[in-house]
Amino acid sequence: MSETLPISPDAPWLAPLAGYSDLSFRLLCREAGAAVCCTEMVSAKGLIYYSPGTRDLLATTPEDAPLVVQLFGCDPDIMVRAMEPLLEQGFRWFDLNMGCSVPKVVKTGCGAAMLRDVPQALAVARAMLRTAGAGRVGFKFRLGWDVGQEVWADLGRALADLGAGWVTLHPRYARQGFSGEARWSALGELVRAVSVPVIASGDLFTAADGVRCLRETGVASVMYARGALNDPGVFHAHRERVAGRPDPGYTPQRLRALITRHAELARQYAPGRSALLKMRTFVPRYVRHLPGARALRQHLASCFEWEMLDELLATFFADVPTCPVTPEGRGGKPYAMPACVPGAAGLAGGMMHPDMPGHATDGASPDAASGGISGKPAEESGTTTSSGRATAAGTAGRGPEVSSTCCTGRAQQPTESDA
């Protein structure tokens, strides 16, 4: 396996996603441009006690490199016992989950619960680094357990002193879950506070969000989670934007090809019937911006054969217009309406977006629209858009408050929020 990990603005990472970032999805994201992928969250205790299904999370191939194994656990001895056989199998890179706020994880003292006992968290970190070697373990954490209990700055410095290879901050409190808005300003503060690379997580819904986060915070790289679940093409779009080139846009045709490829990988690497069940969870996320997405999701619930999936998709995409579809940005708001809708550009109130022909942006500057990262960071105290509307600090990624409609004249159905 690789002896170095790419950590740079043009090397976006795939986050560890419980229930989603299996081998087939990781390979799909790598084909789309993900530089590094993380496994699903793996229980250290489950590994040493041979919990059913735990080792399946580690399935990999030579093409799935470099790969970071994310572990969760709060006992130093158990972490060492779990890591030693993994090292013998050839795994070299690890990450400790200190950010998961799911109750069944937290109640065991693991995940985000470790933020309530920093000395114990550092004991686990020390054991992992001693086992894998300095620079080979990263740590993913949040601001703290709750408001008034912030530990991220001191924790980040301590981890860097122990020999962490990188740290990843999701700037929300554990008690927040995924509600509210990620506090990107903390990312910039952590960059200035530690001597190791900082990777950003949180509210990275599109490549535009990722590049904006790089520009505003100075982080070494970004880690896509919900953005990748909605469209694995976010990695290619990210690389294109960082290079100052327009990304390929978000079209139904590209999504159809992406779904087809994901199905091929799932059938090759996912065991048995689980491959189709996984596709039933992914497809609604991929098409969430398209008209008819809700009806398709309902039909998928009773889809138990690959032939039926093919038929559903063929029918669905035959009725989808060919104009580009606008992805969601930070805050879950559409960036703009398709210009094929009469008056859409005027409602969006902005200029034409160079990355998506025929689409308007929310009065963003040419530099922001093209995705270059050389611009000055946004002011923390708040900004005012070119249309004169006040924008609260930290919400530069929000798009205009408009509904999304496509050229058929049908309103796109609202979709479920990410979790």
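Start by selecting Asp 64 and Arg 30 in this predicted model: their side chains meet in a salt bridge, with N to O at 2.8 Å. Now zoom out a little and colour by secondary structure. Asp 64 sits in the loop between α2 (44-48) and β4 (67-72), while Arg 30 belongs to helix α1 (residues 23-31), so the pair links distant parts of the chain, 34 residues apart. Switch on a surface and check both ends: Asp 64 and Arg 30 are each buried.

Keep helix α1 in view and pick Glu 31. Its side chain forms a salt bridge with Arg 261, at 2.7 Å from N to O. This is another link between distant parts of the chain: Arg 261 lies in helix α11 (residues 252-269) and Glu 31 in helix α1, 230 residues apart. Back on the surface, Arg 261 is partly exposed, because its relative accessible area is 29%, between the 20% and 50% cut-offs.

Next, jump to Arg 226 and Asp 203. The closest N and O atoms of this salt bridge are 3.6 Å apart. Arg 226 is in helix α9 (residues 226-230), and Asp 203 is in the loop between β8 (198-200) and α8 (207-217); the two are 23 residues apart, again linking distant parts of the chain. How buried are they? Arg 226 has a relative accessible area of 10% and counts as buried; Asp 203 is buried too, at 4%.

For the last stop, go back to Asp 64 and Arg 30 and add Arg 26 to the selection: salt bridges with shared partners join these three residues into one network. Want to keep exploring? The structure holds 13 salt bridges.

Technical notes:
Residues are numbered from 1 along each chain as its sequence is written. This is a predicted model: local features need pLDDT of at least 70, side-chain atom pairs count only at pLDDT 80 or more; totals for chains, interfaces and linings use all residues. Side-chain values use heavy atoms; hydrogens and water are left out. A salt bridge is a side-chain nitrogen of Lys or Arg within 4 Å of a carboxyl oxygen of Asp or Glu. Helices (H or I, at least four residues) and strands (E, at least two) are DSSP runs, numbered from the N terminus. Buried means under 20% relative accessible area, exposed over 50%, partly exposed in between (1.4 Å probe, protein chains only).
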